[in-house]
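Thanks, everyone. Let's go straight to the model and walk through it together.

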Amino acid sequence: MRIAFLVAPEGVEQIELTDPWQAAKDAGHEPVLVSTQQGEIQAFNHLDKADTFPVDEVVGDASPDSFGALVLPGGVANPDFLRMDDKAVAFVRDFFEHGRPVAAICHAPWTLVEADVVRGRELTSWPSLQTDIRNAGGTWVDKQVKVCDHGANKLVTSRKPDDLKAFCETFLEVFAQQAA
């Protein structure tokens with residue numbers, strides 16, 4: 001399965017990109033780095049610059065139909081940049097409208113809030129997002145990983161980097177169900 005990893009040009013939490021990316025590759029999937037600009041993205045380790053990664057596709061040119069699933073890594077700045085980009089928000093919304101699974105960790109649900117896809121859904125995130133999720137009509141839970149199927153697609157969410165092992169195992173299982 002081709003899996004879109006949508007990130008902003010700057011601000012993604014590196015481990016929340018690299019661990020799920022490697023897990024997807026190890027499971028035989030094709031991860032594709034999608035961003036709002038060509039070139040490279042700058043990852044971060046908390047507030048410090050980390051590595052850069054080449055962009056495979058620009059969100060404005062990428063077709064959501066060419067992907068089986070979407071992963072939204074976190075980082076504080078990453079989803080804040082993405083939610084200000086209409087094409088990125090539309091790209092995310094398309095996965096929900098067409099019943100494709102989505103996985104989001106840490107601060108990434110901010111982009112889901114902007115896409116107006118959390119209403120009636122139960123999800124987790126970094127704790128500071130709970131009010132935003134509730135205000136957008138979602139139910140926030142404090143769990144290591146949460147799978148919600150109250151909608152056209154399955155949504156997998158986790159709270160923080162410490163949850164990455166469970167997050168990766170769970171989204172791979174959910175994505176495999178979709179592919180079957």
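In what sense do strand S7 and strand S8 pair, and over how many bridges? Parallel, over three bridges. Strand S7 covers residues 69-72, and strand S8 covers residues 102-105. One contact to pick out there: Leu-72 has Ala-104 in S8 as its bridge partner. Keep in mind that this is a predicted model.

Now zoom out to the sheet. S7 and S8 belong to an open sheet of seven strands with mixed pairing. Read the order as S6-S3-S1-S7-S8-S12-S11. At the edges sit strand S6, residues 57-58, and strand S11, residues 145-148. Each of these two pairs on one side only.

Next, the cysteines. How many disulfides does the structure hold? Zero. Take Cys-148. The nearest cysteine sulfur belongs to Cys-106, and that is 19 Å away. Cys-148 is in no disulfide. Is Cys-148 buried or exposed? Buried, because its relative accessible area is 1%, and the cut-off for buried is under 20%.

Then Cys-168. Why is there no bond here? The closest cysteine sulfur, again in Cys-106, is 13 Å from the sulfur of Cys-168, so the gap is too far for a bond. A disulfide needs the two sulfur atoms within 2.5 Å. Cys-168 also counts as buried, because its relative accessibility is 9%.

Last, the largest pocket. Its volume is about 240 Å³. Lining the pocket are 13 residues. Nearest its centre lie Glu-13, His-46, Leu-47, Gly-75 and Val-76. What is the make-up of that lining? Seven nonpolar residues, four polar and two charged.

Note on methods: Residues are numbered from 1 along each chain as its sequence is written. This is a predicted model: local features need pLDDT of at least 70, side-chain atom pairs count only at pLDDT 80 or more; totals for chains, interfaces and linings use all residues. Side-chain values use heavy atoms; hydrogens and water are left out. Buried means under 20% relative accessible area, exposed over 50%, partly exposed in between (1.4 Å probe, protein chains only). On a 1 Å grid over the protein atoms alone, a cavity is a set of points where a 1.4 Å probe fits but cannot get out, and a pocket is an open set with protein on both sides within 12 Å along at least five of seven lines; lining residues have an atom within 4 Å of a point. Grid points are joined across faces, edges and corners, and a volume is the space filled by probe spheres set on the points. Ala, Val, Leu, Ile, Met, Phe, Trp, Tyr, Cys and Pro count as nonpolar, Asp, Glu, Lys and Arg as charged, and the others, Gly among them, as polar. Two strands pair if DSSP finds at least two bridges between them. Helices (H or I, at least four residues) and strands (E, at least two) are DSSP runs, numbered from the N terminus.
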